[in-house]
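Me: Hi! Could you walk me through this one? I'd like to start with the charged pairs and then see what else turns up.

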Amino acid sequence: MTNNETPGRSNYLGIRGWFWGGKYGVERYLYFLHRLTGVGILLYLVLHIVVTGTRVRGEAVWEATMQAVGKPVFRIGEFLVFVAFAFHALNGFRLILGELGLLLGKPVKPTYPYKVAQWKLRPLALGLMILAAVVIVLGGRDFFFVSK
Ligand code: HEM
């Protein structure tokens with residue numbers, strides 16, 4: 001038994017496994033980013049509810065909260081939420097296709113050199129990441145330069 005292993009759960013890597021699970025392809029890094037962005041957006045949702053909830057404590061509290069969250073650091077934070085959402089939504093589209101078995105091709109006999117069905121979605125992964133980059137750049141332009 002190596003240090004990684006827990007009795008009865010020989011492949012268990014814990015949170016460390018989110019970051020590094022072995023020698024995998026690009027999809028493994030997309031998986032990590034999907035989880036990171038998913039949890040990030042979820043935390044933002046909680047924060048958003050807490051911030052907007054201050055309205056019930058009266059107008060003065062609300063105004064003070066709005067002034068506090070209007071600082072540039074929060075603007076950058078909002079942009080990061082946008083970046084996370086753009087990545088998560090577009091990568092999620094690829095995951096949905098894969099999980100529904102779409103665009104993976106027909107099953108073939110496992111003959112060497114082996115082919116992984118997910119590789120069929122690799123060009124789509126690349127295309128979606130380029131699209132995410134375009135959306136992020138356009139969004140950033142709007143965020144910081146157009147709608148100041
Ligand atoms: C267009 C919008 C979205 C799409 C297409 C999408 C798609 C997906 C998909 C397909 C998964 C499953 C990943 C897998 O099978 O491994 C997933 C996981 C997840 N999503 Fe989303 N999602 C969207 C929006 C959101 C939002 C708004 C939140 C948070 C409020 C969120 C939080 C999460 C979390 C926490 C996970 C679990 C990640 C993990 O366990 O690795 N997603 N999403």
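Me: Which helix holds Glu78 and Arg75, and how many residues apart are they?
Reply: Both sit in helix H4, 3 residues apart, which is about one turn of the helix. Bear in mind that this is a predicted model.

Me: And how far apart are the closest N and O atoms of Glu78 and Arg75?
Reply: They are 3.3 Å apart, and the pair forms a salt bridge.

Me: Are those two buried or exposed, or something in between?
Reply: In between. Glu78 has 35% relative accessibility, so it counts as partly exposed. Arg75 is partly exposed too, because its relative accessible area is 29%.

Me: How many salt bridges turn up in the whole structure?
Reply: The search finds 2. Besides the pair in H4, Arg122 forms a salt bridge with Glu27, and their closest N and O atoms are 2.8 Å apart.

Me: Where in the chain do Arg122 and Glu27 come from?
Reply: From distant parts of it: Arg122 is in helix H5, which covers residues 122-146, while Glu27 is in helix H2. The two are 95 residues apart.

Me: Is Glu27 buried or exposed?
Reply: Glu27 counts as buried, because its relative accessibility is 16% and the cut-off for buried is under 20%. Its partner Arg122 has 31%, so Arg122 counts as partly exposed.

Me: Switching to pockets. How much space lies in the largest pocket?
Reply: About 310 Å³. Helix H2 (26-53) and helix H4 (72-99) are the elements that each give two or more residues to its lining.

Me: Which of the lining residues lie nearest the centre?
Reply: Glu27, Arg28, Tyr31, Arg94 and Gln118, out of 16 lining residues. So you meet Glu27 again here, the buried residue at 16% relative accessibility.

Me: Which element gives the largest share of the lining?
Reply: That's H4, with 5 residues.

Me: What about the classes of residue in there?
Reply: The lining is a mixture: 6 nonpolar, 5 polar and 5 charged residues.

Me: Last topic, the surface. Which residues make the nonpolar patch?
Reply: Ile15, Phe19, Trp20 and Tyr29 make a nonpolar surface patch of about 450 Å².

Me: Where is Tyr29 found?
Reply: In helix H2, the helix that also holds Glu27.

Me: And why does Tyr29 count as partly exposed?
Reply: Because its relative accessibility is 39%, and partly exposed runs between the 20% and 50% cut-offs.

How values were computed: Residues numbered from 1 in each chain as written. Predicted model: local features only at pLDDT ≥ 70, side-chain atom pairs only at ≥ 80, totals over all residues. Heavy atoms only, no water. 1 Å grid on protein atoms, 1.4 Å probe; cavity = no way out; pocket = protein on both sides within 12 Å on 5 of 7 lines; lining within 4 Å. Points joined across faces, edges and corners; volume = space filled by probe spheres on them. Helix = DSSP H or I, 4+ residues; strand = E, 2+ residues; numbered from the N terminus. Nonpolar A, V, L, I, M, F, W, Y, C, P; charged D, E, K, R; others polar. Patch = residues over 30% accessible without salt bridge, like charges linked within 9 Å, V, L, I, M, F, W, Y side chains within 5 Å. Areas by Shrake-Rupley, 256 points an atom, 1.4 Å probe, with all protein chains shown as cover. Salt bridge = Lys/Arg side-chain N within 4 Å of Asp/Glu carboxyl O. Buried < 20%, exposed > 50% of the residue type's maximum accessible area, 1.4 Å probe, protein only.
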